[in-house]
Amino acid sequence: MFEKFRSAMREKQRLKWEKKRKNGKQSFMVYHGVLKWGGSMFVLSSIGILARHQELNWHYVVSLLIACPLAGYVWARCTWSLHEDRFYGAKKRQDSIKES
């Protein structure tokens with residue numbers, strides 16, 4: 001009953017990943033990992049520190065400026081690998097369906 005819905009979502013996800021993939025791995029890691037993920041974690045962590053301590057210690061700021069973008073880079077690298085594996089798996093399934 002839900003097979004059409006599932007395959008449509010997979011196809012939609014695959015097309016979305018193809019668009020991101022065209023920009024390249026480095027672009028993905030910098031934009032989605034360092035800037036978006038790392039930047040948002042830096043802002044949220046800074047807000048959390050401000051809420052608890054009422055002031056920002058420069059040691060915290062420097063630590064966050066190093067740790068958050070680095071963690072974002074690692075997150076983006078893992079995400080890239082995961083999506084690439086899923087993308088090639090979906091592509092192989094699609095090719096095998098066409099051949100049958």
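This section describes the confidence, the salt bridges and the aromatic pairs of a predicted model.

Across the protein of this predicted model, the mean pLDDT is 83, and 80% of the residues reach 70 or more. Confidence is not uniform along the chain, being lowest in helix α1 (residues 3-22), where the mean is 72, and highest in helix α2 (residues 25-53), where the mean is 92.

Two salt bridges are present in the structure. One of them is formed by Arg14 and Glu18, whose closest N and O atoms lie 2.7 Å apart; both residues belong to helix α1 and are separated by four residues, which corresponds to about one turn of the helix. The two partners fall into separate accessibility classes: Arg14 has a relative accessibility of 12% and therefore counts as buried, the cut-off for that class being under 20%, whereas Glu18, at 23%, counts as partly exposed.

The side chains of Arg21 and Glu84 also meet in a salt bridge, with an N to O distance of 2.7 Å. This pair links distant parts of the chain, since Arg21 is located in helix α1 and Glu84 in helix α3 (residues 58-99), with their positions 63 residues apart in the numbering. Here the arginine, Arg21, counts as partly exposed because its relative accessibility is 27%, while Glu84, with a relative accessibility of 12%, counts as buried.

Four aromatic pairs are found in the structure. Phe28 and Trp80 form a pair in the tilted arrangement, with a distance of 5.5 Å centre to centre and an angle of 55° between the planes. Because Phe28 lies in helix α2 and Trp80 in helix α3, this contact ties together parts of the chain that are 52 residues apart in sequence. Both Phe28 and Trp80 are buried.

A stacked arrangement is adopted by Trp37 and Trp75, for which the centre-to-centre distance is 6.1 Å and the angle between the planes is 10°. Trp37 is part of helix α2 and Trp75 is part of helix α3, so that this pair likewise ties together parts separated in sequence, in this case by 38 residues. With regard to accessibility, Trp37 is partly exposed, its relative accessible area being 30%, and Trp75 counts as partly exposed as well, at 35% relative accessibility. In addition, Trp17, Phe28 and Trp80 are linked into a cluster by ring pairs.

Conventions:
Residues numbered from 1 in each chain as written. Heavy atoms only, no water. pLDDT = per-residue confidence, 0-100. Helix = DSSP H or I, 4+ residues; strand = E, 2+ residues; numbered from the N terminus. Salt bridge = Lys/Arg side-chain N within 4 Å of Asp/Glu carboxyl O. Buried < 20%, exposed > 50% of the residue type's maximum accessible area, 1.4 Å probe, protein only. Phe/Tyr/Trp six-rings, centres within 6.5 Å; stacked < 30°, edge-to-face > 60°.
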